[in-house]
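Welcome, and please load the model in your viewer. We will move from one selection to the next and look at what sits there.

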Amino acid sequence: MKLKESSLDFHAFVSIYGDAMLNSFIKKIYQVNQKEFVFQLYRSDLKKRDFFISLTKGIAFYDAEKPEEATQLSMLFRKQLSEKRIVGIEQINFDRVVKITLHTGQEIILELFSGGNLIITDNGKIVFAMDQHVYKTRKILIGEEYIPPSTVNPVESRETFFDILNNSKASIVKTLATRGNLGGEIAEEALYRSNIEKNKMPSEVRNDYDRLYGTVMEILEESKKNMAYYYEGDELLSPVVLTALNKDPDSKFEDLNEGICYYIKHYPETDKNKSSVERRIESQKRSIEEFNKLMLVYTEFGNYLKMNFQPLQKLLNIVHNNVKHNNSENFTFSDLEISNINPARGTFTVNYQGTDIVLSYVESPGNNINRVFNTAKDYRNKIEGAERAIEETKKLILKEKQKSGKKKRVKYWFESYHWFTSSAGNMVMSGRDAKTNEKLVKKHMSDNDIYVHADLYGAPSTVIKNDGIGITEETIREACEFAVSLSRAWPAGIGSGTAYWVEPSQVSKTPESGEFVSKGSWIVRGKRNYVLNLPLQLKISLVGYKGNTLPMISPAETKTESEKYVIIKPGNEKRSTAAEKISKILGIDRSEIESILPPGGSIIVESSKEIASTTS
């Protein structure tokens with residue numbers, strides 16, 4: 001693999017570890033980032049293993065860092081795939097495509113080329129695809145039958161392998177790399193081991209097909225030995241020794257998966273830290289270098305032909321005469337190698353300074369010279385086009401930087417909860433969901449704190465911290481207002497509500513006989529201290545913390561030092577709309593505001609902006 005696993009890497013992985021995956025059950029599924037997932041597999045003899053899927057790197061048994069909260073996509077995968085048993089895993093047509101078959105008839109298909117795709121089928125029909133796309137030969141759309149990108153296995157038999165070579169119009173190395181699915185490094189390795197020049201056309205090495213096929217088969221077998229070789233300078237990991245590099249590997253692993261994990265952990269920073277537009281500029285710069293080189297070669301060759309007009313005429317006559325006598329063999333003329341004589345097109349190839357240049361033996365010397373100079377001009381135009389493209393890309397980078405503005409600030413631990421600082425200075429926190437409700441009470445509630453809960457089913461657990469600041473009645477009332485406002489009372493549009501508070505010792509996870517306590521829920525025993533007629537109004541203001549400005553949402557009556565604030569109550573404006581308005585008033589990013597708003601719609605009832613305009 002070089003930045004991304006090759007077909008040979010997948011062939012090796014499936015061959016070595018496929019049996020160990022059979023009869024494993026899929027347990028939890030995590031989404032690490034947009035393109036990476038972890039499928040937890042369980043089999044009684046192997047226990048739990050993390051099967052890491054990266055649509056941009058490859059697959060491995062790798063312990064990636066898992067997020068605390070499940071994404072919507074991971075929840076969807078869990079719903080469709082959890083507790084399903086793997087009954088098959090295979091590589092499709094020696095391509096960068098892996099199919100995992102489940103006992104239900106469902107299939108998980110990983111297309112690990114280009115941007116990558118994860119597809120789920122049921123009885124052959126696509127039921128999910130991360131990237132739906134219509135190609136020339138197939139449709140990756142929900143409801144369509146799944147068709148793999150390659151319908152032929154290039155290494156299945158000698159006949160198939162030979163047919164691919166015979167029907168190719170590209171060089172032998174390009175043919176093996178693309179149509180043979182070997183990839184650049186392994187294609188060069190196969191040719192090196194077979195002692196075949198990589199830039200020759202397949203027709204020129206037809207007598208070597210059998211030896212070449214045998215070498216490819218040897219490489220495939222060698223890849224199953226469960227070894228990995230890392231070439232650090234080339235940022236390359238391979239399941240076989242790459243003799244074509246003419247150097248020893250920097251690291252050698254006795255287990256292929258161990259090597260892949262090492263590579264993932266040391267994934268080249270040059271690729272990790274660069275954005276797509278930065279990589280685009282690098283690609284454009286490489287193109288300019290190549291175009292510039294070719295422009296100079298064609299210009300030089302054009303001048304050479306002008307200086308050798310008579311010899312050129314002689315060369316055209318020789319080629320023309322050879323074709324008349326059915327002679328298309330290569331030959332040398334004045335130190336120039338002549339090859340690829342094509343009677344159907346009336347062309348032949350001249351190798352000049354390592355570059356193959358096509359001339360026409362049915363045209364005049366003047367037309368051929370013009371052809372060469374026009375090609376040089378084409379490359380000059382391509383250089384100018386690439387330079388313009390770089391300037392446009394730089395403008396795009398600048399626009400993105402301006403759009404993103406400052407770097408995103410660090411998020412603090414308490415921001416995983418709803419929180420505010422009471423008028424007296426106590427930290428008050430509420431859970432956002434079942435998981436944070438559970439974590440808040442278990443991890444952050446101490447004996448001197450107070451537990452608060454709205455008198456409604458499903459309301460968040462709320463904790464008033466007593467970190468050296470005594471808890472007053474004012475703070476308790478504010479915390480009760482907070483708990484009610486963050487409950488289902490807000491989206492229901494209720495104007496006021498009731499909450500209660502208890503000591504931490506009254507909160508337990510131990511149910512009575514026959515009872516069940518779900519995640520995020522708690523049993524409260526003993527006397528509850530009720531607080532009635534709590535208004536549902538919240539204030540969003542700005543507070544400073546460790547040099548950063550944080551938006552804080554609190555009960556409307558909470559005292560804050562912020563000059564900018566907005567007061568909201570339940571209303572019919574969407575959270576996104578309300579967040580947009582509030583962000584403009586407070587001058588803070590909309591996403592930060594939206595993340596702290598209560599569930600349901602809201603409406604602004606007062607803001608510092610309105611008061612400022614009234615007083616002025």
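Start by selecting Ile186, Glu189, Ala190, Leu191 and Arg193 in H5, which meet Leu212, Thr215, Val216, Ile219 and Glu222 in H6. Contact here means heavy atoms within 4.5 Å. Helices (H or I, at least four residues) and strands (E, at least two) are DSSP runs, numbered from the N terminus. Colour this contact by class and you get 6 nonpolar, 1 polar and 3 charged residues. In that scheme, Ala, Val, Leu, Ile, Met, Phe, Trp, Tyr, Cys and Pro count as nonpolar, Asp, Glu, Lys and Arg as charged, and the others, Gly among them, as polar.

Before going further, a word on the model: it is predicted, local features need pLDDT of at least 70, side-chain atom pairs count only at pLDDT 80 or more, and totals for chains, interfaces and linings use all residues. Residues are numbered from 1 along each chain as its sequence is written, and side-chain values use heavy atoms, with hydrogens and water left out.

Now draw the axes of H5 and H6: they come within 9 Å and cross at roughly 120 degrees. Axes are lines fitted to C-alpha atoms, for helices over the stretch in contact, and angles run from 0 to 180 degrees between N-to-C directions. H5 and H6 are therefore oblique to each other; angles under 35 degrees count as roughly parallel, over 145 as roughly antiparallel, 65 to 115 as roughly perpendicular and the rest as oblique. Their crossing is right-handed, a term used when the near helix is turned clockwise from the far one by less than a right angle, with anticlockwise being left-handed.

Keep H6 (residues 209-222) on screen and add H3 (residues 158-166), which packs against H6 at an angle of about 120 degrees with the axes 11 Å apart. The crossing of H3 and H6 is right-handed too. To see the contact, select Arg158, Phe161, Phe162, Leu165 and Asn166 of H3 with Tyr209, Asp210, Leu212, Tyr213 and Val216 of H6. This set divides into 7 nonpolar, 1 polar and 2 charged residues.

Next stop, the largest pocket. Centre the view on Met201, Glu204, Asn340, Thr349 and Asp356, which lie nearest the pocket's centre among its 35 lining residues. The space inside is about 1,100 Å³. On a 1 Å grid over the protein atoms alone, a pocket is an open set of points with protein on both sides within 12 Å along at least five of seven lines, a cavity is a set where a 1.4 Å probe fits but cannot get out, and lining residues have an atom within 4 Å of a point. Grid points are joined across faces, edges and corners, and a volume is the space filled by probe spheres set on the points. E16 gives the most to the pocket lining, with 5 residues. What classes of residue make up this lining? The split is 9 nonpolar, 15 polar and 11 charged.

Then look for the enclosed space: there is 1 cavity of 30 Å³ or more, with about 70 Å³ inside. Select its lining residues, including Phe301, Tyr304, Leu305, Phe333 and Leu359. By class, this lining has 9 nonpolar, 2 polar and no charged residues.

Finish at H1 (residues 7-21) and H7 (residues 256-265), whose axes come within 10 Å and cross at roughly 130 degrees. Select Ala12, Phe13, Ile16 and Tyr17 in H1, which meet Leu256, Asn257 and Ile260 in H7. This contact has 6 nonpolar, 1 polar and no charged residues.
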